Amino acid sequence: MQKKELPSTVGCGTFPSDPDFPQLEIAGDPGRMLEVFRSHLKPVSREPCQIRRCTPFRFRYRQSTSRCVLQYTLRVVEPGTGRQWDQWVTGLVYAENGEAERLWRQLRAEDPRREIPESWLTFEPVEFIPELRMLVEVFPYDRRLRNLGPVLGGAVRDIEPLLLARLGPGQWRVEKRDLEPTRYRTELGAALKYTLQTRDALTPRRETLRCYLKVYRDQRGEETYRFLHALSEKLANGQKLYSVIGPIGYLSELRTLVLEEAAGTSLQQILLDRHDPAPALRAVARAVAGLNQDDLGLARSDSLASQLEDVAQEASLVEWACPRARADVQAIRWRRSIGT
C-alpha cells in the first residue's frame, strides 16, 4: 500500500502524558516499537521470519482506569519463501507495578501454544517486555477470547451443511476452505471471512460461498442472532428504507455468530476511493433515520449518563489526536450535555 499523508488536522505526537503509564511514550512510537518487537518476539516456525514494519492501529486508554490496551499490526516476511503477511499483536500495560509480569508468568504456565492451531503459530503466543512492563499477546491467542483458537482450527465446519444447502439441488462438496481475519478487538471479539470453494459431484458446476463469523467473548451473539432473524422476517413483509444481513446460524459452544455476506460496496470503501460520496451518504442517512424511527423491540438501552460518559471519553481522544478540532469537539460536547 502507498503511504498516505495524514491530514493537517491530525496530531502526530505520542500518546497523552500520564505518570501512571510512562511507557506510552515508547509504546506509541512505531519505529521504537518495531525494534522492541524484533528483540522480544520469539518465532516458533521452522522457517525464519523478519518483522519489517510496525503500525499501531487501536488504542484503549485507561480501560477500567487501571490499564491501557494497544494493538499493533506487524508486517512479517519469510525471506526464504518470500511469503509475507500482517500479524496482529497486543500490548497491555498496567498501572500496578508487577501486574503485567505476574499475568505473563501465569499464562506461560498454562502452555498457551496448545490453544493455537499450528498453522496460525508465528511467534510465542505470550511474551513480557520488562523495560515497558508490557504483556504481549500474539493473535490469535487472547486470554479472554479462548474460543478464537478452536474457530480458526476448523471447529466451525458443523455449519457447512447449512451453507451448502443455500446452493440448491445437487451433491455439493467442499474442495477448499479459507478463513481470513478481517477485524479484531482484543478481549472483545473478532470477525472472520469464511470462504468455501465447492463442486457439485453430479455436474461440472463450481460455486464460491462466503459468509462471516463473529466470535464473541460472551453469549451476546445469540441475542444478536435472534434479533437479526426476527428483523429479517419483519423486513421481508414490507418495503423499508433499510435492509439487514441474514443470520445463518449460531454456534453456542464457540460463541460464534454466522452471517451471510452483505451485497454491495461499503461506505468506507466509497470514501477511500475519493469519488463523490454525496449519493451514498444520503442513502446511508435515510437508512439510519429509518432504522432509528422503527420499532425494533429492543429491551436493552444505555442510560443518558452512560452515553454522556462515552461521549466525554471519545471526545477527549479526538481532542488529543486532532488539536485543531478541539473547539468544535468541545462545542459538540456542550450541546450534547444540555440535550440539544
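This is a short tour of charged and aromatic side-chain contacts in a predicted model.

**Salt bridges**

A search of the whole structure turns up 22 salt bridges, and we'll stop at a few of them. Start by selecting glutamate 115 and arginine 146: their side chains meet in a salt bridge, 2.9 Å from N to O. Glutamate 115 is in the loop between helix H3 (99–109) and strand S4 (126–129), while arginine 146 is in the loop between strand S5 (134–138) and helix H4 (148–152), so this pair ties together parts 31 residues apart in sequence. Switch on a surface and check each partner: glutamate 115 is buried, at 17% relative accessible area, and arginine 146 is partly exposed, at 31%.

Next, go to helix H6 (residues 220–236) and pick arginine 226 and glutamate 222, which sit four residues apart there, about one turn of the helix. Their side chains make a salt bridge too, with 3.7 Å from N to O. Glutamate 222 counts as partly exposed, with a relative accessible area of 32%.

Now select lysine 234 and look for its partner, aspartate 294; the closest N and O atoms of this salt bridge are 3.2 Å apart. Lysine 234 is in helix H6 and aspartate 294 is in the loop between helix H8 (278–293) and helix H9 (304–321), so the pair ties together parts 60 residues apart in sequence. Aspartate 294 is buried, at 18% relative accessible area, whereas lysine 234 is partly exposed, at 32%.

One last charged stop: select Arg60, Arg67, Glu137, Arg143, Arg144 and Glu187 together, and you have one network, joined by salt bridges that share partners.

**Aromatic rings**

Over to the rings, where the whole structure holds six aromatic pairs. Select phenylalanine 139 and tyrosine 184 and turn the view until you can see the edge-to-face arrangement: the centres are 4.9 Å apart and the planes are at 65°. This pair links distant parts of the chain, with phenylalanine 139 in the loop between S5 and H4 and tyrosine 184 in strand S6 (residues 172–185), 45 residues apart. Both partners are buried: phenylalanine 139 has a relative accessible area of 6%, and tyrosine 184 has 2%. Add Phe57 and Trp88 to the selection, and you have one aromatic cluster of Phe57, Trp88, Phe139 and Tyr184.

**Charges over rings**

Finish with two arginines. Select arginine 83 and tryptophan 85: the charged end of arginine 83 sits over the ring of tryptophan 85, 4.0 Å from its centre. Then move to arginine 108, which lies over the face of tryptophan 104 at 4.2 Å from the ring centre.

Methods:
Residues numbered from 1 in each chain as written. Predicted model: local features only at pLDDT ≥ 70, side-chain atom pairs only at ≥ 80, totals over all residues. Heavy atoms only, no water. Salt bridge = Lys/Arg side-chain N within 4 Å of Asp/Glu carboxyl O. Helix = DSSP H or I, 4+ residues; strand = E, 2+ residues; numbered from the N terminus. Buried < 20%, exposed > 50% of the residue type's maximum accessible area, 1.4 Å probe, protein only. Phe/Tyr/Trp six-rings, centres within 6.5 Å; stacked < 30°, edge-to-face > 60°. Lys NZ or Arg CZ within 6 Å of the ring centre and 35° of its normal.
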